[in-house]
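Work through the exercises below with the sequence and the 3D structure at hand. Each task is followed by a solution in steps.

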Amino acid sequence: MRSLTTATLTALLAAGLTPLALPATAASAAPAKYGDDFNGDGHRDYAYSSFSARGGGGVTVVFGTATGPGSRQQRVTQGSPGVPGADEADDMFGEIRTAADFDGDGYGDLAVAATGENGSRGAHQGAVTILWGSASGLSTGTALPNKSPGAHHSMGSDLAAGDFNGDGKQDLAVLNDAKAYVYRGPFKRSGTTGTVTELDKTSSFYATALISGKVDGDKKTDLVIIGDVVSSEKIASDAWFIKGGASSLTPGKTLRLESQAGNGGSTERGGDGVIADFDKDGYGDIAVGTSLYSRHKGRVSVWYGASGGPSRTTRLTQSTSGVAGSPEDYDEFGDTISAGDANGDGYADLAVGVRGEEIDGKEYAGGVHVFKGRAGGLSGTGSQWFARNTAGVPGPLTADDQFGGLVRLRDTDGDGTADLYVSALDPLRLPGSPGGITTVGATGYDAVPVDGFLE
């Protein structure tokens, strides 16, 4: 997950915020329809990282309504009643988070990392807390046991939720010390959990990101672990497929995302990822952006799902036929991606941010591509391009706007088409329509930053 600019967050925090809610009784015996419906009213809520008085971080929730995000907000820090830990400088509480109904009580809950949390083993040991949903919103929290405590292990450097064993209860995958740990649900406020599985590929594979979704068509959630691969000859990034299973998780195929000669260069090379059905064949497809590919021109790899796991692969760049623009150093195509059905045809579409795009001499002006899902999968055919100089897009074209620094496709008004939320110095919402994303009705959207739209 990514944060917005300081200026944007400061403006957001100027709005009135409600205090931390007290616990309430369960909404129902059935799990929540939406994992991020924290108050159980049937509408999705939106959580984003925000400041705290002591600099340790926090989470602000904007509660949803029948017509989209509403005006009611709530803020939680480690200084809030019942939340483990303390609000300490550089804890980074809330910067990484994922939502699910972890205890199955009908309210969505929020797993929140504090990767900078110090512990008995040293600095930046990290921690993960589950904040519990209630009729009034998030209330109190329970710390997850740390299965690999150590200095600079940064527990919670990524999180992904899903029912990995198909028992109807939500589980949680956690990155800790460059390895993945899967905690089995259901989770309880008393702190007890089920078994924990460690997933570690080789000594040269360093896990950096997690993606969860259903790839092979069964009822169990699968996991994709993105990681750096380091040797004396090269440094690369891989996507490693892990099949969900009733009794165990099964390591599967690996896809090379990118590679460069030498053993230097950036860490955490693999980037943003989603699982969605772009070709509507009943299998989830894995899309991963690697923005540093080819001198940061960027690329998105699409690994299509099948009954035996992921199979064929498509690579998308700004040189793909039908795609606007051309690949240039430091465009960072694919630094952020998101999936949703923008035109209501039943196929998932893919939004790809290009925050480094230079337009009319304006460096880092930025832009967004939208690729349309269809029976053959994603291609450049019919793709859309949006930037500040697109007709109907509000706001001036300026350098360092980084339009598309974060993108999210979400149907927030209930019309059956996903809207495109775009971060920039002034964030925007571009509505979905039967013809795809449209600038008609485009509005600024300071009330909810796009990093609140949880995968």
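The exercises that follow concern a predicted model.

**Exercise 1. Overall build**

Task: State how many helices and strands the protein chain has, and find how its radius of gyration stands against the globule rule.

Solution.
- Step 1. The secondary structure of the protein chain consists of 2 helices and 27 strands.
- Step 2. The radius of gyration is 21 Å, close to the 23 Å given by the globule rule for 455 residues, so the chain is as compact as a globular protein of that length.
- Step 3. The C-alpha trace spans about 55 × 50 × 40 Å along its principal axes.
- Step 4. Of the 455 residues, 55% are buried.
- Step 5. Take the contacts with a separation of 6 or more: 56% of them are between residues 24 or more positions apart.

**Exercise 2. A four-strand sheet**

Task: Give the strand order of the open sheet that contains β13 and β14, and name its edge strands.

Solution.
- Step 1. The sheet has 4 strands in the order β12-β13-β14-β15, with antiparallel pairing.
- Step 2. β12 and β15 each pair on one side only, and they are the edge strands.
- Step 3. On average, neighbouring strands of this sheet are turned by 20 degrees against each other, direction ignored.
- Step 4. For the β13 and β14 pair, the program counts 8 bridges, and the two strands run antiparallel.
- Step 5. A residue pair to look up is Leu223, which stands opposite Ile242 in β14.

**Exercise 3. Glu258 in strand β15**

Task: Decide whether Glu258 is buried or exposed, and find the side chain with which its own side chain makes a polar contact.

Solution.
- Step 1. Glu258 is located in strand β15, residues 250–261.
- Step 2. Its relative accessibility is 4%, and the cut-off for buried is under 20%, so Glu258 counts as buried.
- Step 3. The polar contact is made with the side chain of Ser237, at 2.8 Å.
- Step 4. Neighbours within four places in sequence are set aside; the residues in contact with Glu258 then include Arg269, Thr290, Tyr293 and Arg299.

**Exercise 4. Three salt bridges**

Task: For the salt bridges of Asp216, Asp329 and Asp335, name the partner and describe where both residues lie.

Solution.
- Step 1. The search of the whole structure gives 15 salt bridges.
- Step 2. Asp216 is bridged to Lys243, with N to O at 2.5 Å. Asp216 lies in the loop between β12 (205–213) and β13 (222–230) and Lys243 in strand β14 (residues 234–243), so the bridge ties together parts 27 residues apart in sequence. Asp216 is buried at 6% relative accessible area, whereas Lys243 is partly exposed at 30%.
- Step 3. Asp329 is bridged to Arg295, with N to O at 2.8 Å. This pair links distant parts of the chain, 34 residues apart: Asp329 is in the loop between β19 (313–316) and β20 (333–340), and Arg295 is in helix α2 (residues 293–296). Asp329 counts as partly exposed at 34% relative accessibility, and Arg295 counts as exposed at 53%.
- Step 4. Asp335 is bridged to Arg355, and the closest N and O atoms are 3.3 Å apart. Asp335 lies in strand β20 and Arg355 in the loop between β21 (349–354) and β22 (367–371), so parts 20 residues apart in sequence are tied together. Asp335 is buried at 13% relative accessible area, while Arg355 is partly exposed at 21%.
- Step 5. Salt bridges with shared partners also join Asp103, Asp105 and Arg189 into one network.

**Exercise 5. Strand β6 and its partners**

Task: Find how many residues of β6 are buried, and follow Thr129 to its bridge partners in β5 and β7.

Solution.
- Step 1. β6 covers residues 128–132, and 5 of its 5 residues are buried.
- Step 2. Sort these residues by face: Val128, Ile130 and Trp132 are on one side, Thr129 and Leu131 on the other, and both faces are covered.
- Step 3. Strand β5 (residues 109–114) runs antiparallel to β6 and is joined to it by 4 bridges. Within this pair, Val112 has Thr129 as its bridge partner.
- Step 4. β6 also pairs with strand β7 (residues 139–143), in the antiparallel sense and over 4 bridges. Here the bridge partner of Thr129 is Ala143.
- Step 5. The hairpin of β6 and β7 has 6 residues between the strands, and Gly137 takes a positive phi near 115 degrees there.

Conventions. Residues numbered from 1 in each chain as written. Predicted model: local features only at pLDDT ≥ 70, side-chain atom pairs only at ≥ 80, totals over all residues. Heavy atoms only, no water. Salt bridge = Lys/Arg side-chain N within 4 Å of Asp/Glu carboxyl O. Buried < 20%, exposed > 50% of the residue type's maximum accessible area, 1.4 Å probe, protein only. Polar contact = N/O pair within 3.5 Å; in protein donor to acceptor, adjacent residues only side chain to side chain. Contact = heavy atoms within 4.5 Å. Pairing = 2+ DSSP bridges. Axes fitted to C-alpha atoms, helices over the stretch in contact; angles between N-to-C directions. Rg over C-alpha atoms; globule rule 2.2 N^0.38 Å.
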